Amino acid sequence: MADTFAERLAGRLSDRGPLCVGIDPHASLLQRWGLTDDAAGLDRFASTIVDALAGEVAVLKPQSAFFERHGSAGIAVLERTVARARAAGAVVILDVKRGDIGSTAAGYAQAYLDRTGPLAADAITASPYLGYGSLRPMIDAAVAADAGLFVLAMTSNPEGATVQRAVGAEGRTVAQQIVADAAADNADARPFGPIGVVVGATVGELDLDLSALHGPVLVPGLGAQGGTPADLRRLFGGLPGIVPSASRSVLAEGPEPAALLAAARRQIDELRAAGL
């Protein structure tokens, strides 16, 4: 295994193609697969995806909320899912969107980034809206563990614009300031730094300069949410470390493992054809 998160991520994207598949066990998807909406159904759903995709797809991204809703049994499934996916060679981004201050932020960092913990992932998502500096315990933990952090910058939901596109005292939008702060933490790292940002595939026009980020960009919203490979090429073409993420457009093809893998491969082919 490569030493750093950036090396692992860059290597997997190069070898396997530019795709992250979200593991989002919505109740409707469990029903579509003929599974019960409980921990047993959740376990069957997640294990099927891991078995089908973890050895073939660059990145898997479990959405913690859909596991948490099943209580401790759901968290146990999440632990197994993360561990099995990483063991099979996929980079795992745990989508938890945590954000707090001081010892609480440090607690989240220990939960998800400590290499010895049962929920240890390659990277997690984080919310900076208590101030980017509030994420320092998570950033420090990610660096120490050779892990990554993806910080919400510009999301596709319309409510996000009120905060993310607001202009601060220095004349930058909040989203642009987050990118600048992440860039400072990524300085001098190779091939890029461990602090990425999250930018939605359906933001429309990208009034955000990512050229100095020197870090990865997680781009959710590909497929069922309306984002297309052409959109990604227009918004992010030429930038390194782009991680397009699809969920329902792949998962809806289940539960047959071969159909899941075929859907993922079609998506990878479309992204590569678009020059990503």
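This passage walks through the barrel, the helices packed around it, the aromatic pairs and some backbone details of one predicted model.

Because the model is predicted, local features are reported at pLDDT of at least 70 and side-chain atom pairs only at pLDDT 80 or more, while totals for chains, interfaces and linings use all residues. Residues are numbered from 1 along each chain as its sequence is written, and side-chain values use heavy atoms, with hydrogens and water left out.

A good place to start is the sheet. Eight strands close into a barrel in the order 1-2-3-4-5-6-7-8, and the pairing is parallel. Here strands (E, at least two residues) and helices (H or I, at least four) are DSSP runs numbered from the N terminus, and two strands pair if DSSP finds at least two bridges between them. Neighbouring strands of this sheet are turned by 30 degrees against each other on average, direction ignored. Angles such as this one run from 0 to 180 degrees between N-to-C directions, and the axes are lines fitted to C-alpha atoms, for helices over the stretch in contact. One pairing can be followed in detail: strand 6 (195-199) and strand 7 (217-222) pair in the parallel sense over two bridges. In this part of the barrel, V198 stands opposite L218 in strand 7.

Helices pack on these strands. Helix 9 (174-186) touches strand 5 and strand 6, and its direction makes about 160 degrees with that of strand 5. Touching, or contact, means heavy atoms within 4.5 Å. Helix 7 (136-144) lies across strand 3 (91-98), strand 4 (123-126), strand 5 and strand 6, and runs at about 140 degrees to strand 5.

Helix 12 (257-273) offers a clear view of how a helix can present one side to its surroundings. Helix 12 has 17 residues and reaches 24 Å from its first C-alpha to its last, close to the 24 Å expected at 1.5 Å a residue; the expected span is 1.5 Å times one less than the number of residues. L260, L261, A263, A264, Q267, I268 and L271 of this helix are buried. The word buried stands for under 20% relative accessible area, exposed for over 50%, and partly exposed for values in between (1.4 Å probe, protein chains only). Seen down the axis of helix 12, the buried residues fall within an arc of 160 degrees, so they line one face of the helix; the arc is that of the directions from the helix axis to the C-beta atoms. The cover over these buried residues includes helix 1 (5-16), helix 3 (39-53), strand 7, helix 10 (229-236), strand 8 (242-246) and helix 11. On the other side of helix 12, A258 and A273 are exposed. Just after this helix, G275 takes a positive phi of about 90 degrees.

A single residue gives another look at packing. T81 sits in helix 5 (residues 71-87) and, at 4% relative accessibility, counts as buried. Leaving aside residues up to four places away in sequence, T81 touches I23, A46, V50, P62 and F67.

Two aromatic pairs turn up in a search of the whole structure. Rings of Phe, Tyr and Trp (its six-membered ring) pair if their centres lie within 6.5 Å; planes under 30 degrees apart count as stacked, over 60 as edge-to-face and the rest as tilted. F5 and F150 form an edge-to-face pair, with 6.0 Å centre to centre and 85 degrees between the planes. This pair links distant parts of the chain, as F5 in helix 1 and F150 in strand 5 are 145 residues apart. F5 and F150 are both buried. W33 and F45 form a tilted pair, with 4.4 Å centre to centre and 45 degrees between the planes. W33 lies in the loop between helix 2 (27-32) and helix 3, and F45 in helix 3, so the pair ties together parts that are 12 residues apart in sequence. W33 is buried, and so is F45.

Finally, the loops hold some notable backbone details. The peptide bond from R190 to P191 is cis, with omega near 0 degrees, and P191 lies in the loop between helix 9 and strand 6. The bond from G254 to P255 is also cis, with omega near 15 degrees; P255 is in the loop between helix 11 (248-251) and helix 12. D146, a residue other than glycine, has a positive phi near 55 degrees. D146 is found in the loop between helix 7 and strand 5 (148-154) and is partly exposed, with a relative accessible area of 32%. Phi of H214 is likewise positive, near 55 degrees. H214 belongs to the loop between strand 6 and strand 7, and is partly exposed at 28% relative accessible area.
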